[in-house]
Amino acid sequence: MSSSASLATAAAPAPRVLFWLVGACLVWAGVSWLASANLDGYNDMLENYAWSQPLRWGTHKHPPFFAWVVGLWFALLPQNDLAYRLLSYANVFVGLLGVWALGRRLKLGALAPWGALLLLWSLPYTNLAGKFNANSQLLSLWPWAAALLLASWQERGWRGAWFSAWLGLVAAACMLSKYYSGVFLAGFLLPILVHPDGRRWLATPRPYLALAVFGLALWPHLAWVASHDWAPLGYAMDQGGGRASWRYVARFALAPLFYWLPAWLALCLVWARVQARHDGTPWPRLAARLLLRSWWPQGGSDVLFWLAFMPWALTLAFGVAGVVELSTPWAIPIGYAFALLWLRNLQQQAPAAADRVRERLARAWWPVLAVVLLLGVVAATVSALRGDRGYYRPTQDAARAIVQEWQARHPGQRLAWVGGDWAENAMLAFYAQPHLLTIPGLPDTDIARLSALGDWRRDNGLLLCPLGPVATPQPATDCQRQAQDWLAARGQAPRPHVLRLQRSGWRFPRPQAWAYAVYDVDAAPAHASAGQDLEESLGQSPP
């Protein structure tokens, strides 16, 4: 093929692209595990696991789909940090396949796989994806929803009905992952209305089949929410302050640049360099033009532009209106179509450079991943030598020691639940006792009742209060004070069992001791529990 051949028609071997995608995701999973000796500082990943034990139709904060994914994943794989990182990047891999499928539906030819590959040079699909939570779950769902939208309006007959049903299911999965997906789905309306094929689609039964499947799939969750005081919807509504927070608006407005900056700069600058050598145009002027035009729409009915633009624009509009206080991590899934947009626009602006750019990107692929691996080693080394607290926190060792010591204190008995500091208390279930029911705070709170706890008084439990590094004597934490007051009010001993642990070995050259306070909550005798049930049914307060 000549050097002037179009990248949009040049064949990109699918097995090679799949190999690159799998290799990159495995490298990033390993780097994420190596550089972070624990899961994440906000305990989002432990929280996910807590919500997956057992699987349910809702939680006190979020809809449940990403917790279902975690539960199903660990039904097959061992419960450890590396397996969790593999889940994070398996999620990325599924999302990139969705971007590829979207590119094919947009008839971009060989640009489609490169639209997926380039996203692996952006922050949301690499280092930010290492923390699996509600935001990163959308990386795998939004591209497939967009691809299925196009499939539904492009196909006819039973194939159109099939893709429409899948569109409804995947759209429901988006909403069941994060209510923010409502903004993404609302963004479909404009590309549907501006494109003739989209308008014709509205006159067929297919969109209404998708809506019916969407509603049926959401119904059990909505019924659960209605029967549990609308808890997750209340949490979502609390994210709005009623007025615009301009600092957060500005940060979200710039998110497409700083989240996708490496991929965008690499593509546009390399493209400009190759094209400048071809036609003699001054490189700085050409680079500036391509950087700007890479985001440009191709007319008012440009479906790709509107799919890429609408999630960012609608979210920003809600932030400006004060409906929500924007959070920068919400931008993690919005750029699924950015690379496809850049590639298509650059192909049209400077077609002569297409093949050479593809060759350079291919040659750079493994060297870039080698640099990523090296940087992971450097990051781990710096954290170890600097003594970073998050790196040295002995979460796994502490979880196993806490469960073992509880069993030693209660031989032959079963530990049924753990409360206390949410969501770090989920470490017991993840690392030491699978399926241990984990609840937020104290077991008799309204939030705890959403955890399928049942009658907690008939089972043994414990309250866990992490105390942090043992450097100097620390005052009692809020968790400790609440646990002690609660136990004393119920006639149980408020004395904690304090464990001190530290990590050691070649990865931890500067050991730090960490402390954990554990409060045993013994099961009430059967007759006492029955009496308390009777008193509560009569509207009396228990002693």
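Over the ring of which residue does the charged end of Arg293 sit? In this predicted model, the ring belongs to Trp296. The charged end of Arg293 is 5.5 Å from the ring centre. A second arginine is placed in a comparable setting: Arg105 lies over the face of Phe163. Here the distance to the ring centre is 5.1 Å.

Aromatic rings also meet one another. The structure holds 37 aromatic pairs. One of them joins Tyr49 and Phe74 in an edge-to-face arrangement. The ring centres are 6.1 Å apart, and the planes stand at 80 degrees to each other. This pair links distant parts of the chain. Tyr49 belongs to helix α2 (residues 44-51), whereas Phe74 belongs to helix α3 (residues 65-74). The two residues are 25 residues apart. Both partners are shielded from solvent. Tyr49 has 0% relative accessibility, so it counts as buried. Phe74 is buried because its relative accessible area, 8%, is under 20%. Elsewhere, seven named residues form one aromatic cluster: Phe258, Tyr259, Trp260, Trp264, Trp295, Phe338 and Trp342.

The overall architecture comes next. The protein contains 23 helices and five strands. Its radius of gyration is 26 Å, close to the 24 Å that the globule rule gives for 543 residues, so the protein is as compact as a globular protein of that length. The C-alpha trace spans about 85 × 60 × 45 Å along its principal axes. Of the 543 residues, 52% count as buried. Among contacts with a separation of 6 or more, 77% come from residues 24 or more positions apart. The exposed surface of the protein amounts to about 23,800 Å². Carbon and sulfur atoms supply 63% of that surface.

The interior holds a largest nonpolar core of 107 residues. Val92, Leu102, Phe188, Leu267, Trp271 and Tyr336 touch the most other members of this core. Helix α13 (residues 246-279) gives the most to the core, with 13 residues. Leu102 illustrates the packing. Neighbours within four places in sequence aside, Leu102 is in contact with Pro143, Ala146, Ala147 and Leu150, and also with Leu307, Tyr336, Ala337 and Leu340. Another core, of 44 residues, lies apart from the largest one. Its members include Val70, Leu415, Val418 and Leu464.

Two polar residues were also examined. Asn460 lies in strand β3 (residues 460-469). With a relative accessible area of 10%, Asn460 is buried. Beyond residues up to four places away in sequence, Asn460 touches Trp406, Gln413, Arg414, Leu415, Ala416 and Trp417, together with Val521, Asp522 and Ala523. One of these contacts, Leu415, is also a member of the core of 44 residues. The C-alpha atoms of Asn460 and Gly71 are separated by 24 Å. Along the chain, Asn460 and Gly71 are 389 residues apart.

Gln480 is placed in helix α22 (residues 478-489). Gln480 is buried, and its relative accessible area is 10%. Residues up to four places away in sequence again aside, Gln480 touches Cys465, Leu467, Pro475, Ala517 and Tyr519.

Key
Residues numbered from 1 in each chain as written. Predicted model: local features only at pLDDT ≥ 70, side-chain atom pairs only at ≥ 80, totals over all residues. Heavy atoms only, no water. Phe/Tyr/Trp six-rings, centres within 6.5 Å; stacked < 30°, edge-to-face > 60°. Helix = DSSP H or I, 4+ residues; strand = E, 2+ residues; numbered from the N terminus. Buried < 20%, exposed > 50% of the residue type's maximum accessible area, 1.4 Å probe, protein only. Lys NZ or Arg CZ within 6 Å of the ring centre and 35° of its normal. Rg over C-alpha atoms; globule rule 2.2 N^0.38 Å. Contact = heavy atoms within 4.5 Å. Areas by Shrake-Rupley, 256 points an atom, 1.4 Å probe, with all protein chains shown as cover. Core = buried A, V, L, I, M, F, W, Y, C linked by side-chain atoms within 4.5 Å.
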